[in-house]
Amino acid sequence: MSRNPIQVIVVNPLSAPGVAIIEHSLENMQKLVGGHIECVAFSGSPILGRGVDLWCNEEGKLLGLSQNRMFPDGTDLIAGTFFLAAHDGEGETVGLTDEEVREVIAALEAWPMLIDLGYLQQMTELKGKTT
């Protein structure tokens, strides 16, 4: 895997998607998601002949990472930070173009943001103690 910088979309729990430039290496990809990475095909049409992949922590749910987004079809959820990058015709991970960034961020709007109920309960209890 090369170490060239690539443009990706990073999605943290309870946050809007953001754009980042990362060094393209396994170590950096793992650091971004906080552990071992798993690649999931992003449901959306290929853009300009390239597909888009979603990279997440493969053990995110097992580790109890904060819930992030629900897949639009409701079949599964993503726990922890994830990022999206493109891949070329040979399956090599490459950076997103500015046009792809706009299209993917628009597609992410259909992905329900999840609220961590444990966090919500802690905040409710904290609020009760301060009033």
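This is a short walk through one protein chain, from its overall layout to a few single residues.

What you have in front of you is a predicted model. The protein has 131 residues, and buried residues make up 34% of them. Its secondary structure comes to 3 helices and 8 strands. If you read along the sequence, the order is β-β-α-β-β-β-β-β-β-α-α. On contacts, take the pairs of residues at least 6 apart in sequence: 56% of those contacts join residues at least 24 apart.

Let me start with the inside. As a general point, nonpolar side chains in soluble globular proteins tend to be buried together. Here, the largest nonpolar core has 16 residues. The residues with the most contacts inside that core are Ile9, Leu54, Ile78, Phe82, Leu84 and Leu108. As for where the core draws its residues, β1, β4, β7 and α2 are the elements that give two or more. Another core, of 10 residues, lies apart from the largest one. Among its members are Ile6, Val8, Ile37 and Trp55.

Next, helix α2, which runs over residues 98–108. Which residues of α2 are buried? They are Glu100, Val101, Val104 and Leu108. These four sit on the same side of α2, because they cover an arc of only 100° around the axis. The general background is that an α-helix has 3.6 residues a turn, so residues three or four places apart point the same way. And what covers the buried residues of α2? The cover includes four strands: β1 (5–11), β2 (18–23), β4 (51–57) and β7 (82–87). Note that Leu108, buried in α2, is also one of the residues with the most contacts inside the largest core.

Now the pockets. The largest pocket holds about 180 Å³ of space. It is lined by 14 residues, and those nearest its centre are Glu38, Cys56, Lys61, Asp76 and Leu77. Strands β3, β4 and β6 (77–79) are the elements that give two or more residues to this lining. By type, the lining divides into 7 nonpolar, 2 polar and 5 charged residues.

Two of those strands bring me to single residues. From β6, take Ala79. Is Ala79 buried or exposed? Its relative accessible area is 5%, and the cut-off for buried is under 20%, so Ala79 counts as buried. Setting aside neighbours within four places in sequence, Ala79 is in contact with Gly60, Lys61, Leu65, Ser66, Gln67 and Asn68. One of these, Lys61, is among the residues nearest the centre of the largest pocket. The C-alpha atoms of Ala79 and Glu59 are 8.6 Å apart in space, with their positions 20 residues apart in sequence.

From β3, residues 37–41, take Ala41. This alanine has 60% relative accessibility, and therefore counts as exposed. Beyond neighbours within four places in sequence, Ala41 is in contact with Val52 and Asp53. From Ala41 to Asp53 the C-alpha distance is 4.6 Å, and the two are 12 residues apart in sequence.

Three more residues. Thr93 lies in strand β8, residues 93–94. With a relative accessible area of 8%, Thr93 is buried. Leaving out neighbours within four places in sequence, Thr93 is in contact with Ile6, His24, Trp55, Ala85, Ala86 and His87. Ile6 and Trp55 are the ones I named earlier as members of the 10-residue core.

Met70 is in strand β5, residues 67–70. Its relative accessible area is 22%, which makes Met70 partly exposed. Again leaving aside neighbours within four places, Met70 is in contact with Asp76, Leu77, Trp111, Pro112 and Leu114. Asp76 and Leu77 also appear among the residues nearest the centre of the largest pocket. Met70 and Met113 are 43 residues apart along the chain, and their C-alpha atoms are separated by 6.7 Å.

Last, the loop between β1 and β2, where Leu14 is found. Leu14 is partly exposed, at 40% relative accessible area. What sets the backbone of Leu14 up for a remark is its phi, near 60°, a positive value in a residue other than glycine. In general, most residues other than glycine have a negative phi.

That is the end of the tour.

Notes: Residues are numbered from 1 along each chain as its sequence is written. This is a predicted model: local features need pLDDT of at least 70, side-chain atom pairs count only at pLDDT 80 or more; totals for chains, interfaces and linings use all residues. Side-chain values use heavy atoms; hydrogens and water are left out. Buried means under 20% relative accessible area, exposed over 50%, partly exposed in between (1.4 Å probe, protein chains only). Contact means heavy atoms within 4.5 Å. The arc is that of the directions from the helix axis to the C-beta atoms. A nonpolar core is a set of buried Ala, Val, Leu, Ile, Met, Phe, Trp, Tyr and Cys residues joined through side-chain atoms within 4.5 Å. On a 1 Å grid over the protein atoms alone, a cavity is a set of points where a 1.4 Å probe fits but cannot get out, and a pocket is an open set with protein on both sides within 12 Å along at least five of seven lines; lining residues have an atom within 4 Å of a point. Grid points are joined across faces, edges and corners, and a volume is the space filled by probe spheres set on the points. Ala, Val, Leu, Ile, Met, Phe, Trp, Tyr, Cys and Pro count as nonpolar, Asp, Glu, Lys and Arg as charged, and the others, Gly among them, as polar.
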